[in-house]
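Thank you all for coming; I would like to walk you through one structure this morning, beginning with a single pair of residues and working outwards. Please have the sequence and the model open while I speak.

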Amino acid sequence: MTELERLCALPAVHALGWTLLHFCWEGTVVALLLAVVPRRAPEQRYAAAVLAMAAMVLLPLVTFVWLTEKSPAAGDRFAAVAGDPGPSSNTGESISGAKTWVTRCERGLDASLPALVGFWVVGVVVLSGRLNLALAATRRMRKRAAHPAPAELQSVLQRLAERMGVKRVVELMHSAQVQAPTVIGWLRPAILMPVGCLTGLSTAQLEAVLAHELAHIRRHDYLAAILQAMAETVLFYHPAVWWISAQMRREREHCCDDAAAQVSGDRVMYARALVVLEEKRGAVPAGAVGANGGSLKMRIERLLGRKESPAISWAAAMVLLVMAGMGAGVLAVTVHAQTAANNQVEAALPQNQAPPPQIIVDKSCLIQPESDPFVLGDHYNGFHDDAICHLESVLSSHHTEEKITDGETSHFFVQVNEQEYVLQNPTDKPAVFIIRHDVPENWTVDSDPQPSSMDGSTAVFQVNAEPGQRIRLHVGMHQSQPVNPN
């Protein structure tokens, strides 16, 4: 077994793997719901896309919590169903059908979790690095834009900001790093203007372009773009995430186009300004938003009143339908596996299940005669066996503490005794270790975990152990005595 397979055997990591699989159908359902939203105003379509992306982020979180809390033994459940059905012939129909295609799918999906989780981790790391590089490039663009725009352009921007209700202070700077006006920053937004921006644009067109940028600032689109990129990074493997993200960018630009056209009062004039920007078009880093974002051709056609293209193409629809089918299969085998495992457990357990056997040891790891003899055999009673219980460490220390109560200082001499046990269940059945540890008078038990009970001056610890499981138990005690200052 590789390290990755051992890691995926942990309940939390196993739940993560199944969360990634479940998101295949969850994300597809969300995308299909967005695809059937009626064609309304851009603001409404953008709000629907934002809600869809939020659902994309929340659904895996809810699924992960559900898998870890409601199905903590998911790995054992699938392993039991996919493996040997056991010697009993009365374990029910779900166990006798272990060779069905559903069970084979369960086995295959469970076996693929290490590769899936590894692929997801690598993808998140790579895309996180790309996002950080893009954000660093955005910061460099702002630092290098050290030349403020001309005063007349600043006054135009100020007048437009007041008209559009933008309360924040917006910097307007020239930059040789951009080919079209671009917004950078959220708390301290700045509009970067290309050095040759005035060429080819009339005053009215320039005002419309600046109104587009101010609309991005008013709508907090820079922050939305960064959060959107983070969602793409974590959920990168699902095509529906990228499609919804594209819809958000598309409708975001449409909203700002409508705001700019409303301010200018001339949609045709603004469309001509976009044509000029298309000629100066250049790529911008992730997070930056600007008037030349999205598909300029589609935006221009929309401004001129032409019919918009469908939100989803036939190819994208087919991909979503395939993902929906795969997700439905994952859901089906999950439900079948849980039902089969429950039937197996119910059929395999007798009506009156005997309690798990007990292995009783004292504080020196001496196995006590009260231990169930059929677990270890009578010859173990009263003997040490390091393979079952041994003291990993015994530490004793002391120190002085100072306490201030009602303005008076008191000193205490504190003695500490710590022991760490290593316990291993040597049987092929679940067992319970009972550790009896004497507690001297005036000493306090300070352990992890706390004793399950106190039998007079004896602390009793109870530890459940699966077959072959190795467990550490820390037992600590301390005594505190006042020190006479004289």
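Let me start with D438, which stands opposite T458 in β12. Before I go on, I should say that this is a predicted model, in which local features need pLDDT of at least 70 and side-chain atom pairs count only at pLDDT 80 or more, whereas totals for chains, interfaces and linings use all residues. Residues are numbered from 1 along each chain as its sequence is written, and side-chain values use heavy atoms, with hydrogens and water left out.

The elements I name are DSSP runs numbered from the N terminus, where helices are H or I over at least four residues and strands are E over at least two; two strands pair if DSSP finds at least two bridges between them. With that in mind, β9 and β12 pair in the antiparallel sense over eight bridges. They belong to an open sheet of four strands in the order β6-β9-β12-β11, with mixed pairing. The edges are taken by β6 (358–362) and β11 (453–455), each of which has a single partner strand, so one side of each is left without a neighbour in the sheet. Neighbouring strands of this sheet are turned by 25 degrees against each other on average, direction ignored, with axes taken as lines fitted to C-alpha atoms (for helices over the stretch in contact) and angles running from 0 to 180 degrees between N-to-C directions.

At one edge, β6 and β9 pair in the parallel sense over five bridges, and Q358 has V432 in β9 as its bridge partner. At the other edge, three bridges join β11 to β12 (residues 458–465), and these two strands run antiparallel; here M454 has A459 in β12 as its bridge partner. How many residues of β9 are buried? Six of the eight residues in β9 (residues 431–438) are, and the strand is mostly covered; buried means under 20% relative accessible area, exposed over 50%, and partly exposed in between, with a 1.4 Å probe and protein chains only.

Let me turn to charged contacts. The structure holds twelve salt bridges, a salt bridge being a side-chain nitrogen of Lys or Arg within 4 Å of a carboxyl oxygen of Asp or Glu. One of them joins R159 to E207, with the closest N and O atoms 2.9 Å apart. R159 lies in helix α7 (residues 151–164) and E207 in helix α8 (residues 203–218), so this pair ties together parts that are 48 residues apart in sequence. Both ends are partly exposed, R159 with a relative accessible area of 44% and E207 with one of 23%.

A salt bridge also joins the side chains of R472 and E392 (4.0 Å, N to O). That pair links distant parts of the chain, with R472 in strand β13 (residues 470–482) and E392 in strand β7 (residues 389–405), 80 residues apart.

R219 deserves a longer look. Its side chain meets that of D221 in a salt bridge at 3.1 Å, N to O, and D221 is buried, with a relative accessible area of 0%. Both residues are part of a salt-bridge network that links E43, R219, D221 and R252. The charged end of R219 also sits over the ring of Y46, 4.6 Å from its centre, a term that requires NZ of Lys or CZ of Arg within 6 Å of the ring centre and within 35 degrees of the ring normal.

What about rings that meet other rings? Rings of Phe, Tyr and Trp (its six-membered ring) pair if their centres lie within 6.5 Å, with planes under 30 degrees apart counted as stacked, over 60 as edge-to-face and the rest as tilted. By this rule the count comes to three aromatic pairs. F23 and Y237 form an edge-to-face pair, 6.1 Å centre to centre and with 70 degrees between the planes. F23 lies in helix α2 (residues 11–35) and Y237 in the loop between α9 (221–234) and α10 (239–264), so the pair ties together parts that are 214 residues apart in sequence. Ring pairs link F23, F119, F236 and Y237 into a cluster.

I will finish with the largest nonpolar core, whose 37 residues include L172, I191, L210 and L214, the ones that touch the most other members. Such a core is a set of buried Ala, Val, Leu, Ile, Met, Phe, Trp, Tyr and Cys residues joined through side-chain atoms within 4.5 Å. The largest share of this core, eight residues, comes from α8.
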